[in-house]
Amino acid sequence: MILKLWKWYQNCLSFHPLKTQVISSGVLWGVGDIAAQYITHSNARKRLQLSDTDADFKVNWKRVAITSTFGFAFVGPVGHFWYEGLDKFIKLKLHLQPKSARFVAAKVAMDGLIFGPLDLLVFFTYMGFSTGKNSVQVKEGLKRDFLPALALEGGVWPIVQIANFRYVPVRYQLLYVNVFCLLDSAFLSWVEQQKDAAWKQWFTSFTSFKEGGGQGRL
């Protein structure tokens, strides 16, 4: 069954690479959001000590649709062209030997410095406006969510991408990323749902401290 599914995916990827990545990204981000909702629900039930009858898990399908749309509209198409273009740029412009340490390091650095922050910025901005927030509320949400997510993802994605750029053929790098995006979408959705959690406030207070210190030295 798994082998047949893999062959079917390979066939789709060969004939319709962009469409395949768009659809798979949307599906995986939707599944990831459901996982995030379940994790948040389970934590709240344990914290509030609710019984099973008082705290049945119900999927917020509107939120799933919103998150899936992000996968369809941004992660799929942008990720498709980003990883293809990144590989060509490193080879043709920087003239680095494929699979070499410098080649992998350059890819990881560019992916972490360009695509990673852009992905987070678009995600939190999109999620804010999609849930009815105004520009001021979206800005406050970015202040609250962006740095914590960037810091936590910054400790994981470089490791993921080292393996990706070193061992996975370019043709399957997007599939590799999409599999991890299942976990990433769950993580980002969970971060967004945490609102003003104490661990987020630490990042906010740290940033405010730096800004205040900088103003004090002027």
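Visitor: How far apart do the end C-alpha atoms of residues 64-83 lie?
Guide: Welcome, and please keep in mind that this is a predicted model. The UniProt entry, which is unreviewed, lists residues 64-83 under "transmembrane region". In the model this span is 100% helix and 0% strand. From one end C-alpha atom to the other, the distance is 26 Å.

Visitor: And how far apart are the end C-alpha atoms of residues 103-126?
Guide: UniProt's unreviewed entry lists residues 103-126 as "transmembrane region" too. Here again the model gives 100% helix and 0% strand. The end C-alpha atoms of this span lie apart by 33 Å.

Visitor: How many helices does the chain have?
Guide: Let's walk along from the N terminus: the elements run α-α-α-α-α-α-α-α. Strands number zero, and the count of helices is eight.

Visitor: Is Asp-87 buried or exposed?
Guide: You will find Asp-87 in helix α3, which covers residues 61-92. Its relative accessibility is 6%. Buried means under 20%, so Asp-87 counts as buried.

Visitor: With which side chain does the side chain of Asp-87 make a polar contact?
Guide: Leaving aside residues up to four places away in sequence, Asp-87 touches Phe-103, Lys-107 and Val-170. A polar contact of 2.6 Å joins the side chain of Asp-87 to that of Lys-107.

Visitor: What share of the chain's residues count as buried?
Guide: We have just met one buried residue, Asp-87. The whole chain holds 218 residues. Of these, the share that counts as buried is 39%.

Methods:
Residues numbered from 1 in each chain as written. Predicted model: local features only at pLDDT ≥ 70, side-chain atom pairs only at ≥ 80, totals over all residues. Heavy atoms only, no water. Helix = DSSP H or I, 4+ residues; strand = E, 2+ residues; numbered from the N terminus. Buried < 20%, exposed > 50% of the residue type's maximum accessible area, 1.4 Å probe, protein only. UniProt positions renumbered as here; feature names shortened; annotations may be inferred. Polar contact = N/O pair within 3.5 Å; in protein donor to acceptor, adjacent residues only side chain to side chain. Contact = heavy atoms within 4.5 Å.
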